[in-house]
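Thanks for sharing this one. Here are my notes, set out as numbered points to read alongside the structure.

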Amino acid sequence: MSGGARADVVVVGAGPAGCVMGRRLAEAGADVLLVESGTASASPRAGLLDVGPGSQVVARHRATLGEARLDLPRGRTLGGSGAVNGGYCTPARPADLAEWGPDWPRRYAVGLARAAERLRPGLAPMGPVAAQVAAAFPGRVSAIGQARRGPRRVTAFDAWDPSGAGARVRTGATVRRLRWEGGRVAGRCDGVVLDDDEEIGAGQVVLCAGAIGTAALLTGSGIGPSTGHPVGLGVQEHPELLLDLPADVLSERDRYPGGGPAAPAGLPPLLSHVVRLQLAAEAEVEIRPYAVPLHHVIPGLEPAPRRIGVALMTPVGRGRIGDDGTVHLSEDPHDAAVLAGAAARVAERMGLDGDVTVSTSQHLSGTARVGEVLDDSGRVLGVQGLRVADASALPSLPRCGPYYTVLAVAEDLATRVIAERAW
């Protein structure tokens, strides 16, 4: 690519939303350039979470949750975080969309149907840990869709295949900032500038760099509170507490399904079922019976016991991204009390010692929300030529992992770009 490169649409980030955008806009006849900062390919092995300390396919971000210091890995490869996470596909419920606006339940349903046609998630059998938790909480278990075909992971890049639709895909291209027509910040975005100072012109730029990456590009290009856009504020996450499961709870045969990480049959889904508990009218938790110890699916992780996660799916607290890029997750007292009480209840019912490890579900969203930073079509308010279509845009976090929701919302927003012929 030369310094005078141009495309109708530049899509920044080849994660789930970027893959959807890249394919759909190319299908509609746009000249699409999909740029991805990563260069290494993620493993296609289903069940493997390549987010360990030596991973070449993630970027790491600092985070705080009260006194805890956490590491937030985000996919930096074709397929984005969907190429390195569990690939769990659970749709949002209608009540989750209520505050998004009256038209969103219909829009979401249409987008989800389109996403399901491409990804086609399936269900996995219940493993011994899930069966034990389900027995302790009868009638509350739900199966979780899996983005996999046998031993192979199916990423958004696999399922949507942007290059197969004619999109140009370029890896190793890190966007440093947005380009403004005439140098007028927050006027019209007419392209992007890469780390090596190469400029790429575009009729439309769509940010799909993830909740952290997209926020960083917006603020680093002059879009933020000073321009009336609360970027990086009101961040949402599902906080999670991990309970250790004693080794003697399961038989030796059941302890490592599939024979461990080197088994030729592949790894079992880390999470095939969850138990949902409604603790009060506005408080719901999700109990996550992880199938194997995390070090069996995360390369380089120190050995640890098998664990059960207890996650708060209805947090009221909101965090922020600091000027130095640190993600300050909310430690709302109400949320903390509800989650601690839920973990104690699970420990008592399961006969566990109750010791917990503070964690996060890696479900960060809402850094550039529709209704505050964006309009209903994903356009940055008051700015021409610039849209957002990833987890940053979610007005509120649904009571499930957001992967399937991001795909559904990206499908919807892509139809709006196409209807406008925005490029």
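1. Two strands count as paired if DSSP finds at least two bridges between them. With that in hand, look at strand β3 (residues 58-65) and strand β4 (residues 68-75), which pair in the antiparallel sense over eight bridges. One residue to pick out is T64, whose bridge partner in β4 is R69.

2. The turn of this hairpin is worth a look too. Two residues sit between β3 and β4, and G66 takes a positive phi near 65° in the hairpin.

3. Which other strand pairs with β3 in the parallel sense? That is strand β20 (residues 327-329), joined to β3 over three bridges. Here L65 has L329 as its bridge partner in β20. As you follow the strands, keep in mind that side chains in a regular strand alternate between the two faces of the sheet.

4. Please remember that this is a predicted model. The average pLDDT of the chain is 94, and 95% of the residues score at least 70. The stretch to treat with care is residues 251-264, where the pLDDT is below 50. In the model, this stretch has 21 contacts beyond near neighbours in sequence. Where pLDDT is low, predicted coordinates should not be read in detail.

5. The unreviewed UniProt entry places three domain features that you may want to mark. "FAD-binding" is put at residues 7-50; over this span the chain is 27% helix and 25% strand, with end C-alpha atoms 33 Å apart.

6. According to the UniProt record, "Glucose-methanol-choline oxidoreductase N-terminal" covers residues 162-240. That span is 14% helix and 38% strand, and its end C-alpha atoms lie 34 Å apart. The record puts "Glucose-methanol-choline oxidoreductase C-terminal" at residues 357-410, where the chain is 15% helix and 13% strand and the end C-alpha atoms are 34 Å apart.

7. Lastly, the second largest pocket has a volume of about 370 Å³. Which of its lining residues are the closest to its centre? Of the 17 that line this pocket, they are E99, E282, T314, L397 and R399. By class, the lining has eight nonpolar, four polar and five charged residues.

Conventions
Residues are numbered from 1 along each chain as its sequence is written. This is a predicted model: local features need pLDDT of at least 70, side-chain atom pairs count only at pLDDT 80 or more; totals for chains, interfaces and linings use all residues. Side-chain values use heavy atoms; hydrogens and water are left out. On a 1 Å grid over the protein atoms alone, a cavity is a set of points where a 1.4 Å probe fits but cannot get out, and a pocket is an open set with protein on both sides within 12 Å along at least five of seven lines; lining residues have an atom within 4 Å of a point. Grid points are joined across faces, edges and corners, and a volume is the space filled by probe spheres set on the points. Ala, Val, Leu, Ile, Met, Phe, Trp, Tyr, Cys and Pro count as nonpolar, Asp, Glu, Lys and Arg as charged, and the others, Gly among them, as polar. pLDDT is the predictor's confidence in each residue, from 0 to 100. Contact means heavy atoms within 4.5 Å. UniProt positions are given in the numbering used here, feature names are shortened, and annotations may be inferred rather than shown by experiment. Helices (H or I, at least four residues) and strands (E, at least two) are DSSP runs, numbered from the N terminus.
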